Amino acid sequence: TLGDTARAYTLTAAITGASVTMQATATAGPLDGLLKITQDSLVVAAGASTLITARAVDKTGNPVAGVAVSWTTTGGALTVTTTTTGASGNAEVAFSSEATPRNYTVSATAAGVPSVTFIVLAQ
């Protein structure tokens, strides 16, 4: 039985005069949720840009690659509206605020799990 952590495992069995080594790789399970990697209540200068990151994880916290993440915002601009998680499970989008100071909400959504919301404070 492999552990809950997605990684490579090595097992060696030995008897007098002989040994066998076997390797197995545990992979992440299905998507169980999104986590905020970028801090919430992020403060940026009005008119500036910042990178926002969410991570797709399985039930034990392993990163899940290949998950489509949709991004929305209450204002400002996003470089793209959909990104796909890489090997780290991270999905990223660049957000640009307007020149006038105000607060924004940026949300990341993936199919079948609750969305995560980031507050961006443009000052």
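**Notebook: strand pairing and the nonpolar core**

I began with strand β7 (residues 77–78), which pairs with β9 in the antiparallel sense over two bridges. Looking along that pairing, I found L78 opposite F95 in β9.

Next I asked what else pairs with β9. Strand β5 (residues 49–57) does, again in the antiparallel sense, and here I noted seven bridges to β9 (residues 90–96). S49 stands opposite S96 in β9.

Before going further I checked confidence, since this is a predicted model. The mean pLDDT of the protein is 89, and 89% of its residues reach 70 or more. Going element by element, I found the lowest mean pLDDT, 75, in strand β1 (residues 8–15), and the highest, 98, in β6. A reminder to myself: where pLDDT is low, the predicted coordinates should not be read in detail.

Then I turned to the interior. How many residues does the largest nonpolar core have? I get 23, and L34, I52 and W71 have the most contacts inside this core. I listed the elements that give two or more residues to the core: β4 (42–44), β5, β6 (68–73), β9, β10 (102–109) and β11 (116–122). Which of them gives the largest share? That is β11, with four residues. Happily, both partners of the seven-bridge pairing, β5 and β9, turn up in the list of core contributors.

Last, I looked up the surroundings of L34. Leaving aside residues up to four places away in sequence, L34 touches R55, A56 and V69. Its other contacts on that count are A108, T109, A110, V113, P114 and V116.

Definitions and conventions:
Residues numbered from 1 in each chain as written. Predicted model: local features only at pLDDT ≥ 70, side-chain atom pairs only at ≥ 80, totals over all residues. Heavy atoms only, no water. Pairing = 2+ DSSP bridges. Core = buried A, V, L, I, M, F, W, Y, C linked by side-chain atoms within 4.5 Å. Buried < 20%, exposed > 50% of the residue type's maximum accessible area, 1.4 Å probe, protein only. Contact = heavy atoms within 4.5 Å. pLDDT = per-residue confidence, 0-100.
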